[in-house]
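Please read this report alongside the sequence and the model shown below. It moves from the whole chain to selected residues and their contacts.

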Amino acid sequence: MPQQLEMEADSKAFSKGQLRWILFCAAFASFMVNVNTYIVNISLPEISNYFAVSTGQVTFVVQAFQLSTTGLLLIVGRVGDSFGLRRMFVVGFVFFALASLLCGLCPFFYLLVGMRFVQGIAASILYALTPALIAAYYPAEERGPAFGIMAIFTALGMTVGTSIGGIINAWFSWQGVFLVNVPFALIGALVCWRAIPGAAGKGLKEIRKQFDYNGALISMMALMAFVAALGNSDELGWTSPVVLGGLMASLILAVWFVIHERRTQEPLLDLELLSRPELSYGNAASILAYMFMSGTNFLIPFYMTNFLGYSSAEAGLVFMTYPLLYMVIGPAAGFLSKRVDSRLICTVSMGIGSTAALFFALTLGLHESWPVVVFLVMQAFTFGGFTTSNNNVVMSMAPPGQEGQVAALYRMLMRIGLIVGLALFELVFSLGLGDYADGYSHSLTAIPDDFLARGFEYAYIAGFVCCIAALVCSRLASSARKA
């Protein structure tokens, strides 16, 4: 069991000013990671032309970032508990600035892919530990509102990332998309150094002696194999040896990881955390909810443009309903958690989500705009309430000194939910297309509306099932707490 390293958080109360700066560090880190998840996408055509590579090759720029961000989460969580959150955030921001600078200066394509992988390592540090920062320093009754405010910056990063990338790309070319990170990341490092209380932490020599290198390697390979397999499932097909081999390898490595962690004296992940029912149910609800979020965010634009005939600009404006409401409802749910149990908010939110999915599945064939707007409004209430509250549920179960591990595990399972959800919804949607499924990967314009409607209907029925399962898990988390 790791020692309690964030002792300062328990031994003294911090002023409101100090807590605001700590929250700023968490929110700014979350914003930067989410912006950089999307900011590069709009520059991919220019990068492809600049380096004279194919569209298939240029996707490596995105995949490299995703692989390292997800693959190192457990490692970052364990190191964060030992090294101290203040040090980790400073290292994360400085490393992010350096990697962004090198990405912007790369003269060769595969060097850019490698630097993008390095940038993902830095993003993993910031992404994994933001919930831990709030859990370590905020009193229990103030965590809900803090997570609610952080939800604003998370949603903002996801919403404006592509737009910011488009503006920078138009003014400064694709290099500017990376170079713009440098000054902001360095400012983030400076603020974190001054704002986050400095817990003692272990020295690097001590960490190296006790670090579970084998567990780190196994977990990283398992996660990367899983992400790579699902990331290529649409292009290569589920029966591809690459996809099936990657999934099988990730499963074998995951089992090996659990066996190894049970035997080692200084495990990368304390498996006793998984034996806590409330924590396990909260994490399961997160996976299921984010599967639905990922799948619906992927399909809704196709529904509006290919089925309703919206232009891209019109679809973008309608879709803005969701993030704008989310940024209001998230903080409101956080403040509501001071009076209402967060587990109840999660349960109600998933009830709204299941109703939204079933409603949309039954009305999407009407060729009307109003069901889309109603669905997006319900989605905002679903995830605005669930994300903030489930953050609070899971992080409230983190033992002192293990906030980093719990946060990293939670973030890792969120990423898995997003990746699985995208692959699952693509698969279910294509099943609904019947004989037209073979042409799905190329264009939807030639597919008759009846088949399109059936594909979307199948997908949102699958979303209904995910939400009901998440509702049950949220309810079980509540029951486990009372037991």
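What follows is an account of a predicted model, beginning with the fold as a whole and ending with individual side chains.

## Overall fold

The protein chain has 483 residues, of which 56% count as buried, and its secondary structure comes to 21 helices and 0 strands. Among the contacts with a separation of 6 or more, 82% are accounted for by residues that lie 24 or more positions apart.

The accessible surface of the chain comes to about 20100 Å², and carbon and sulfur atoms hold 67% of that area.

## Nonpolar cores

The largest nonpolar core in the model is made up of 131 residues, and those with the most contacts inside it are Phe89, Phe93, Leu129, Leu133, Phe292, Tyr303 and Tyr460. If residues up to four places away in sequence are set aside, Tyr460 touches Phe292, Thr296, Leu299, Ile300, Ala357, Phe360, Ala361, Leu364 and Phe375. Apart from this core there is a second, separate one of 22 residues, which includes Val35, Ala64, Cys106 and Val113.

As general background, nonpolar side chains tend to be buried together in soluble globular proteins.

## A nonpolar patch on the surface

Nonpolar side chains also appear at the surface, where Leu98, Leu101, Leu102, Leu105 and Leu179 form a patch with about 400 Å² of accessible area together. Helix α7, which spans residues 85-105, gives the most to this patch, contributing 4 residues.

Leu101 belongs to helix α7, and what places this residue in the partly exposed class is its relative accessible area of 33%, since that class lies between the limits of 20% and 50%.

## Thr130 and its surroundings

Is Thr130, a residue of helix α8 (residues 109-137), buried or exposed? Thr130 is buried, because its relative accessible area is 0% and the class requires a value under 20%.

The side chain of Thr130 makes a polar contact with the side chain of Arg411, at a distance of 2.5 Å. When neighbours within four places in sequence are left aside, Thr130 is in contact with Ala26, Ala29, Ser30, Phe89, Met150 and Arg411, and Phe89 is also listed among the residues with the most contacts inside the largest core.

## The salt bridge

The structure holds 1 salt bridge, which is formed by Arg343 and Asp341, with their closest N and O atoms 3.0 Å apart. As a general matter, side chains of opposite charge can pair when their charged atoms come close.

The two partners fall into separate accessibility classes: Arg343 is buried, with a relative accessible area of 7%, whereas Asp341 counts as partly exposed at 24%.

## Ser294 and a link across the sequence

Ser294 is placed in helix α15, which covers residues 277-307, and this serine counts as buried because its relative accessibility is 12%. Although Ser294 and Ile419 are 125 residues apart in sequence, their C-alpha atoms are 7.4 Å apart in space.

Which residues does Ser294 touch, not counting residues up to four places away in sequence? They are Leu418, Gly421 and Leu422, and with two of these the serine side chain approaches backbone atoms: the backbone oxygen of Leu418 is reached at 2.7 Å, while the backbone nitrogen of Leu422 is reached at 3.4 Å.

Note on methods: Residues numbered from 1 in each chain as written. Predicted model: local features only at pLDDT ≥ 70, side-chain atom pairs only at ≥ 80, totals over all residues. Heavy atoms only, no water. Helix = DSSP H or I, 4+ residues; strand = E, 2+ residues; numbered from the N terminus. Buried < 20%, exposed > 50% of the residue type's maximum accessible area, 1.4 Å probe, protein only. Contact = heavy atoms within 4.5 Å. Areas by Shrake-Rupley, 256 points an atom, 1.4 Å probe, with all protein chains shown as cover. Core = buried A, V, L, I, M, F, W, Y, C linked by side-chain atoms within 4.5 Å. Patch = residues over 30% accessible without salt bridge, like charges linked within 9 Å, V, L, I, M, F, W, Y side chains within 5 Å. Salt bridge = Lys/Arg side-chain N within 4 Å of Asp/Glu carboxyl O. Polar contact = N/O pair within 3.5 Å; in protein donor to acceptor, adjacent residues only side chain to side chain.
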